[in-house]
Amino acid sequence: CGNYIWSANGQTYSVSGIYVRTYVNTNGCASADTLRLTIKQSTYTSTTVTSCNSYIWSINNQTYNTSGTYIRTYTNGNGCPSADTLKLTINQGTYTSTSVTNCGSYIWNGITYTSSGTYIRTYTNANNCPSADTLKLTIKQSTYTSTSITSCNSYTWSVNGTIYTNSGIYIRNYTNSNGCPSADTLKLTIHQSSYTSTTITSCNSYTWLVNGKTYTNSGNYIRTYTNTNGCSSADTLKLTINQSTYTSTSVTACGSYLWNGTTYTASGIYTRTYTNANGCPSADTLKLTINQ
């Protein structure tokens, strides 16, 4: 196999053929040795392979996971020692796994995800190997509430303890139990109660038009009611009652009687009307008897 060293002359032959060595033997006679040589060749193969992750070498059906040079030795059909060489480069695929927790949505590779789940992106990496990125996604939700309220005069919003006296839209921003930004919205309408205060000075009595009641004594009077906004309301009357003055005098006189600058000569009932110091209409009455 491969070559042959002929012991008769110490020469190496690598080609099949008939070789003759002539010489004088020990008898002193011309002699010749003949070599009929058949040279058989060993088998040597070399294969260069680049593969992803692993490679199965078909000549021995073995799986290789690491780059390297691998040799299989054997005896070929010529009966000669032979060898196959595998020069192997193993490139790895890229496999990444990312766990993400986010609020509302998450953008991964240009895609927006709004639901929790496991998402996979397959591609060919720089080594030209099939690869995959895995996203283990947990989506937590923000909290958004909207409350419409109509209240009288003011409203205390329980979510923040703030007292509002004007209509408007109010927002409370906070982080909910999921750790997500959240907001509560209050759409508030404030209606006002009605409060009126009237100061009145009247003589003897006063009839309050708002309730039709007649009052004869000074004092503060209140009428409570619900106004057109549906709010509890009150009208206040601050009332001063002044009294008129009424006097009656019985007189018996002879011939005539002088009263308030006027001389009366006949019996009768006489009345003088005037406005007293309280500004109220008043009257004095004279019951007169004239004797002759």
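**Exercise 1.** In this predicted model, find which residue of β14 stands opposite Y119, and describe how β13 and β14 are joined.

*Solution.* Start with the residue: Y119 stands opposite L135 in β14. Next, take the strands. β14 covers residues 130–140, and eight bridges join β13 to β14. The two strands run antiparallel. In general, strands of a sheet pair through backbone hydrogen bonds, and the pairing is either parallel or antiparallel.

**Exercise 2.** Give the strand order of the open sheet that contains β10, β14 and β13, and name its edge strands.

*Solution.* The three strands form an open sheet in the order β10-β14-β13, with mixed pairing. The edge strands are β10 (95–103) and β13 (117–124), because each of them pairs on one side only. On average, neighbouring strands of this sheet are turned by 20 degrees against each other, direction ignored.

**Exercise 3.** Describe the open sheet made of β25, β29 and β28, and find the bridge partner of Y270 in β29.

*Solution.* First, the order is β25-β29-β28, and the pairing is mixed. At the edges lie β25 (246–254) and β28 (268–275), each paired on one side only. Here the neighbouring strands are turned by 20 degrees against each other on average, with direction ignored. Next, eight bridges join β28 to β29 (residues 281–291), and these two strands run antiparallel. Finally, the bridge partner of Y270 in β29 is L286.

**Exercise 4.** Classify the ring pair of Y264 and Y270 as stacked, tilted or edge-to-face, then state whether each residue is buried, partly exposed or exposed.

*Solution.* A search of the whole structure finds twelve aromatic pairs. In the pair of Y264 and Y270, the ring centres are 4.2 Å apart and the planes stand at 40 degrees, so the pair is tilted. For the second part, the limit needed is that buried means under 20% relative accessible area. Y264 has 17%, so Y264 is buried. Y270 has 22% and is therefore partly exposed.

**Exercise 5.** Which charged residue lies over the face of Y23, and which lies over the face of Y174?

*Solution.* R21 lies over the face of Y23, at 4.1 Å from the ring centre. R172 lies over the face of Y174, at 4.1 Å from the ring centre.

**Exercise 6.** Locate the salt bridges of R72, R121 and R223, and give the exposure of the residues in each pair.

*Solution.* Side chains of opposite charge can pair when their charged atoms come close. A search of the whole structure finds six salt bridges.

- Step 1. R72 forms a salt bridge with D84, the closest N and O atoms being 2.9 Å apart. R72 is in strand β8 (residues 68–75) and D84 in strand β9 (residues 81–91), twelve residues apart. R72 is partly exposed at 25% relative accessible area, whereas D84 is buried at 5%.
- Step 2. R121 and D133 meet in a salt bridge of 2.9 Å, N to O. R121 belongs to strand β13 and D133 to strand β14, and twelve residues separate them. R121 counts as partly exposed at 31% relative accessibility, and D133 counts as buried at 10%.
- Step 3. R223 forms a salt bridge with D235, with the closest N and O atoms 2.9 Å apart. R223 lies in strand β23 (residues 219–226) and D235 in strand β24 (residues 232–242), so the pair ties together parts that are twelve residues apart in sequence. R223 is partly exposed, with a relative accessible area of 24%, while D235 is buried, at 6%.

Definitions and conventions. Residues are numbered from 1 along each chain as its sequence is written. This is a predicted model: local features need pLDDT of at least 70, side-chain atom pairs count only at pLDDT 80 or more; totals for chains, interfaces and linings use all residues. Side-chain values use heavy atoms; hydrogens and water are left out. Helices (H or I, at least four residues) and strands (E, at least two) are DSSP runs, numbered from the N terminus. Axes are lines fitted to C-alpha atoms, for helices over the stretch in contact, and angles run from 0 to 180 degrees between N-to-C directions. Rings of Phe, Tyr and Trp (its six-membered ring) pair if their centres lie within 6.5 Å; planes under 30 degrees apart count as stacked, over 60 as edge-to-face and the rest as tilted. Buried means under 20% relative accessible area, exposed over 50%, partly exposed in between (1.4 Å probe, protein chains only). A charge sits over a ring if NZ of Lys or CZ of Arg is within 6 Å of the ring centre and within 35 degrees of the ring normal. A salt bridge is a side-chain nitrogen of Lys or Arg within 4 Å of a carboxyl oxygen of Asp or Glu.
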